[in-house]
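Trainee: Mind if we go through this model together? I'd like to start with a loop and then move on to some helices.

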Amino acid sequence: MSPSQATTATVFDVAQIRADFPLLARTVHGKPLVYFDNANTSQKPESVIEAVNAHYRERNANVARAVHQLGEEATTAYEGARDKLAHFIHAPSRNEVILTSGTTQSINLVAYSYALPRLKPGDSILTTVMEHHANIVPWQLVAARSGATVKAAPINERGELILEKFFEMLTPDVKLACVTHVSNVLGTVNPIREIARECRKRGIPLLVDGSQALPHRPVDVQVLGCDFYALTGHKMLAPTGTGALWARRELLDDMPPFFGGGEMIREVRFDGTTFAGIPHKFEAGTPNIAGFVGLGAAIDYYDSVGFEAIHAWEQNLLAYATERLREIPGLRIFGEAKDKEPVISFLIDGAQATDMATLLDLQGIAVRSGHHCAHPLMQFYNVPATLRASLAFYNTREEIDAFVVALLKVRKLLM
Ligand code: PLP
């Protein structure tokens, strides 16, 4: 069955799903909003908005510092989010889940607390050409301080990691490998289990950037076999400023704190401070409590819909959007991996990505244009920027149709 013949209505009731996301009902420049910038940040369901609201209305207090009722309720709600997250990624222990402000902080934590103390001149960190800057720049910063280098494994024209090359590059100087689970530009899904197996054979720890995977597919860190998994909440229905780092306990136990301050200590003395155990040793200061309450609600929402239905719907949308976009003369898609999430980067001959995004916005369509924080990938394809339509399970075929009509209009205007 071709994607255009598939009857997706049987998968789930998208109208009912959309009704849970208040922002999707608004108009932009007088047109119904078509939100195709989900890889940038997702919209939030009512249940998440309400959870944050209820936190501030009913139980706002700081966590872990008060014996009063509100403090206990806030702590329970905040720690409840850790439990939900541990369950969501199938972490062996809740204590291995460090709550952070997002993937960027999670990766920097590994860079400064795990990598920097271990790196020496001649060592290297292996990453790939398809990474977000958050999985490149922290490694460059610690490499510069330690005399190590950062190597990048190549991809092919379809935007797939060349696995043999990656494995060849896992030489003894490599002290850490860092790979994205799903590319934010190409949608490519990397075979993390296979990569983890090869890394393990060579005794090289593997960090996975899960930012773009968790919104689309179930993740089980134990099945993946990686050592670090970084994630961000705002791309998966949760508030901004929430995220986590999962890592194996033995690695975390061995890592010194990154931020110092309140809540991460056992005892502070001028003749020697001792630190709390994991996870608190890495969580100095007051966290984004309400945000994490929202993250807990986001996970409940994913659980209520189910990834099987989400995946089926999104893959159908991806196939349909790809088929429809190919009808547009002069359109080139970047990223044609066999295993792909619903992210489509493209350009149309003779039109600038930013001009197109601006004109699409006037028609109510939100897409991202630019380098998507992936300069090396733009250099690989030898383009300064692309347009990116990134879909979520609350998007529809009708929106894709409206997008194609708008693109044809914009193309005409710019030709
Ligand atoms: N990694 C990938 C693949 C991303 O797409 C992003 C965000 O766009 C990040 C890392 C950074 O996430 P955050 O800004 O939430 O820390």
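Mentor: Sure: H90 sits in the loop between helix 3 and strand 4 (97-100). The model is predicted, so local features need pLDDT of at least 70 and side-chain atom pairs 80 or more, while totals for chains, interfaces and linings use all residues. Residues are numbered from 1 along each chain as its sequence is written, and side-chain values use heavy atoms, without hydrogens and water.

Trainee: Is H90 buried, partly exposed or exposed?

Mentor: Buried means under 20% relative accessible area and exposed over 50%, with partly exposed in between (1.4 Å probe, protein chains only). H90 has a relative accessible area of 40%. So H90 is partly exposed.

Trainee: And N382, which has a positive phi of about 60° although it is not a glycine: buried or exposed?

Mentor: N382 is in the loop between helix 13 (375-381) and strand 17 (386-390). Its relative accessibility is 69%, so N382 counts as exposed.

Trainee: How are helix 3 and helix 10 oriented to each other?

Mentor: The axes of helix 3 (residues 69-88) and helix 10 (residues 289-305) come within 8 Å and cross at roughly 40°. Angles under 35 degrees count as roughly parallel, over 145 as roughly antiparallel, 65 to 115 as roughly perpendicular and the rest as oblique. Helix 3 and helix 10 are therefore oblique.

Trainee: Which peptide bond is cis?

Mentor: Look at P279, in the loop between strand 12 (274-275) and helix 10. Omega is about 5° for the cis bond, which joins I278 and P279.

Conventions. Axes fitted to C-alpha atoms, helices over the stretch in contact; angles between N-to-C directions. Helix = DSSP H or I, 4+ residues; strand = E, 2+ residues; numbered from the N terminus.
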